[in-house]
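I opened the file to look up how its helices and strands are arranged. The entries below follow the order in which I checked things.

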Amino acid sequence: MELRSKWEFGEARECRRGLLCGMGISPEEQSRPLIGIVNSWNEYNPGHVHLKALAERVKQGVRDAGGYPVEVMTTGICDGMVLKDPKYVELPSRNSIADQVEITAEGNFFDGMVMLSTCDSIVPGHLMAAARLDIPTVLVTGGYMPLGTFRGKEVLHIHAQDKVGTMKAGKIDPAEYDGLITHSWGTCGGCTSMTTANSMCMVAEALGMSLPGNSSVAATSSELQLIAYQAGRRIMGLVAEGVTARKIITPKSVRNAIKMDMAVAASSNLILHIPAIAHEAGYDEPWWKYFDEASNEIPLLAHLVPSGPKYSLHDLCLAGGMPALMKELLPKLDGDCLSVTGKTLAENVKNARVYNSDVIRSLDNPVMKMPGIGVLYGNLAPEGSIVKIAAVPENLMTFRGPARVFDE
């Protein structure tokens, strides 16, 4: 069945039709569903520098499936590149990105969207916009950064960062330090650790808003190129089926994302981002309370750096990726939640396999029974506070001593 755009514009459409003809766009192309390729590509964010080429694969998929893709842009700042206090960037840029998408998508009457993003505040900004607009949407997240190499060994960027204080104290050879800093980051993708970028990419997949495995493939991989093409084709299926973002982002899928957060010791920034996404979808539940409940239910299944000692996103990928981790966690999840594939979460992970049971643990053999993230209460924080339990050394799990309190 040939798909056509659902929007009619009357007299205003004639102006639009004329403008499109003036750009050389044929009447047949104009009749197709209009798919916004919402990109956050730029030349100064390593997590996004490859998204321009990736968007071309998305557009090819859209065209092959009968749609007409148009690429538009949003802001995409890398927190690691920001020299100012991150509090001036993280939430303001996230909220601005959601507004940018709303203005562009609403103004141009997109029939659907494929959104491309990787980093800290951009992925939640795109998810917030998808929930707010409630049109068919697929996210393509940009993959993790390849490991660097130095002196014949693969190195993790987080281990290079850890040497900054050592260098300031004069306890490391300057040549070794300089070599670690200049060789520990790969060419593109999200930093290869469980910080906010990869955490939010995993949230997108746990919510069902990206294709299975998207959040745990390398930015330079052929798998990511294929996922981008498949996302372009799949958005046309969602348009035909009338499956909008709020049919996927539901209270149950939000709870799934929170449980995934606990199982992998994801970024504590998710406490800010997941409720904001749920709010845009119209679900103002006591999400802080649910984080607390999940922290008492979900054990740690994957202990990745920086809270873990050695395993990276690359190790998670080799061990089976997010589909394998979600399959292990499935008894604790709502497997009936719908995803952008048109299938349920349980169906998506049915054939997933764990290839390294030390990287991805099972529920009956977790890294530890406590979750990666905890909600603590006490006289210093009577309304609750957040701690990344997976990053707390064993000798500090119980501590008595003076407290330094900061009140802003």
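Entry 1, a helix pair. I began with helix 4 (residues 90-108) and helix 5 (residues 122-133), which pack with their axes 8 Å apart at an angle of about 40 degrees. An angle of 35 degrees or more is not under the limit for roughly parallel, so I logged helix 4 as oblique to helix 5. I noted the handedness of the crossing of helix 4 and helix 5 as right-handed. I keep in mind that this is a predicted model.

I then listed the residues in contact. On the helix 4 side I found Arg94, Asn95, Ile97, Ala98, Asp99, Val101, Glu102, Ala105 and Glu106. They meet Ile122, Pro124, Gly125, His126, Met128, Ala129, Arg132 and Leu133 in helix 5. Sorted by class, the contact of helix 4 with helix 5 has nine nonpolar, five charged and three polar residues.

Entry 2, after helix 5. I followed the chain into the loop between helix 5 and strand 4, where aspartate 134 is found. Aspartate 134 is not a glycine, yet I read a positive phi of about 55 degrees for it.

Entry 3, the sheet. In what order do the strands of the four-stranded open sheet lie? I read the order as 2-1-3-4, and the pairing is parallel. The edge strands are strand 2 (68-73) and strand 4 (137-141), each of which pairs on one side only. From one strand to the next, I have an average twist of 20 degrees. As a reminder to myself, strands of a sheet pair through backbone hydrogen bonds.

I looked at one pairing in detail. Strand 3 (residues 112-117) and strand 4 run parallel and are joined by five bridges. In strand 4, I found threonine 137 as the bridge partner of methionine 113.

Entry 4, helices on the sheet. Which strands does helix 3 lie across? I found helix 3 (residues 51-64) across strand 1 (34-39), strand 2, strand 3 and strand 4, and it runs at about 165 degrees to strand 1. Helix 10 (residues 222-241) lies across strand 1, strand 3 and strand 4. I noted about 175 degrees for helix 10 relative to strand 4.

Entry 5, another helix pair. I moved on to helix 9 (residues 196-207) and helix 11 (residues 251-264), whose axes come within 8 Å and cross at roughly 140 degrees. Roughly antiparallel would need an angle over 145 degrees, so I logged helix 9 and helix 11 as oblique to each other. The crossing of helix 9 and helix 11 is right-handed.

From helix 9 I listed Ser199, Met202, Val203, Ala206 and Leu207. They meet Ser253, Val254, Asn256, Ala257, Met260 and Val264 in helix 11. I count eight nonpolar, three polar and no charged residues in the contact of helix 9 with helix 11.

Entry 6, a cis bond. Which residues does the cis peptide bond join? I found it between valine 305 and proline 306, with omega about 15 degrees. Proline 306 lies in the loop between helix 13 (287-295) and helix 14 (313-318).

Entry 7, the whole chain. I closed with the totals: the chain has 16 helices and eight strands. Its C-alpha trace spans about 75 × 45 × 45 Å along the principal axes. For 408 residues, a compact globule would have a radius of gyration near 22 Å, and the chain's 22 Å agrees with that.

Methods
Residues are numbered from 1 along each chain as its sequence is written. This is a predicted model: local features need pLDDT of at least 70, side-chain atom pairs count only at pLDDT 80 or more; totals for chains, interfaces and linings use all residues. Side-chain values use heavy atoms; hydrogens and water are left out. Axes are lines fitted to C-alpha atoms, for helices over the stretch in contact, and angles run from 0 to 180 degrees between N-to-C directions. Angles under 35 degrees count as roughly parallel, over 145 as roughly antiparallel, 65 to 115 as roughly perpendicular and the rest as oblique. A crossing is left-handed if the near helix is turned anticlockwise from the far one by less than a right angle, and right-handed if clockwise. Contact means heavy atoms within 4.5 Å. Ala, Val, Leu, Ile, Met, Phe, Trp, Tyr, Cys and Pro count as nonpolar, Asp, Glu, Lys and Arg as charged, and the others, Gly among them, as polar. Two strands pair if DSSP finds at least two bridges between them. The radius of gyration is taken over C-alpha atoms; the globule rule is 2.2 Å times the number of residues to the power 0.38.
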